[in-house]
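The exercises below ask you to read one helix in a model by working from the cover of its residues to its exposed surface. Please keep the structure in view while following each solution.

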Amino acid sequence: MRAFWTVLAVLFAALTVGSLAVLNEGADRSIGLSDIAVAAVLGTLAWLSWGARR
């Protein structure tokens, strides 16, 4: 079960990094609250999954 939580944490972390990278690409569009919220939720899920692997 530990491997499941580790894979899930890495997946959420990669999605977080990807969502933040997309924000930096679009320089001509403004960053909205929803963009930041998505990154925050994904980061929180990665952190919780990493903590659940114990």
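Helices here are DSSP runs of H or I with at least four residues, numbered from the N terminus. The model is a predicted one.

**Exercise 1.** Work out where D35 lies, whether D35 is buried or exposed, and which residues D35 is in contact with.

Solution. Begin with the element: D35 lies in helix 2. Next take the cut-off, by which a residue is buried when its relative accessible area is under 20%; D35 has 18%, and is therefore buried. Finally, when its neighbours within four places in sequence are left aside, D35 is in contact with L23, R29 and S30.

**Exercise 2.** Describe the span of helix 2 and explain how its buried residues are arranged around the axis.

Solution. Start with the span: helix 2 has 20 residues and reaches 28 Å from its first C-alpha to its last, which is close to the 28 Å expected at 1.5 Å a residue. Then list the buried residues of helix 2, which are D35, A39, L42, A46 and S49. Because these cover an arc of only 95° around the axis, they are on the same side of helix 2. Their cover includes helix 1 (2-25), whereas L33, S34 and W47 are exposed on the other side of helix 2.

**Exercise 3.** Identify which residues form a nonpolar patch on the surface with W47.

Solution. The patch is formed by V41, L45, W47 and L48, which together have about 420 Å² of accessible area. To place one of them, note that V41 lies in helix 2, residues 33-52.

How values were computed
Residues are numbered from 1 along each chain as its sequence is written. This is a predicted model: local features need pLDDT of at least 70, side-chain atom pairs count only at pLDDT 80 or more; totals for chains, interfaces and linings use all residues. Side-chain values use heavy atoms; hydrogens and water are left out. Patches are made of residues with over 30% relative accessible area and no salt bridge: like charges are joined within 9 Å, nonpolar side chains (Val, Leu, Ile, Met, Phe, Trp, Tyr) within 5 Å. Accessible areas come from the Shrake-Rupley method with a 1.4 Å probe; for residues, only the protein chains shown count as cover. A salt bridge is a side-chain nitrogen of Lys or Arg within 4 Å of a carboxyl oxygen of Asp or Glu. Helices (H or I, at least four residues) and strands (E, at least two) are DSSP runs, numbered from the N terminus. The expected span of a helix is 1.5 Å times one less than its number of residues. Buried means under 20% relative accessible area, exposed over 50%, partly exposed in between (1.4 Å probe, protein chains only). The arc is that of the directions from the helix axis to the C-beta atoms. Contact means heavy atoms within 4.5 Å.
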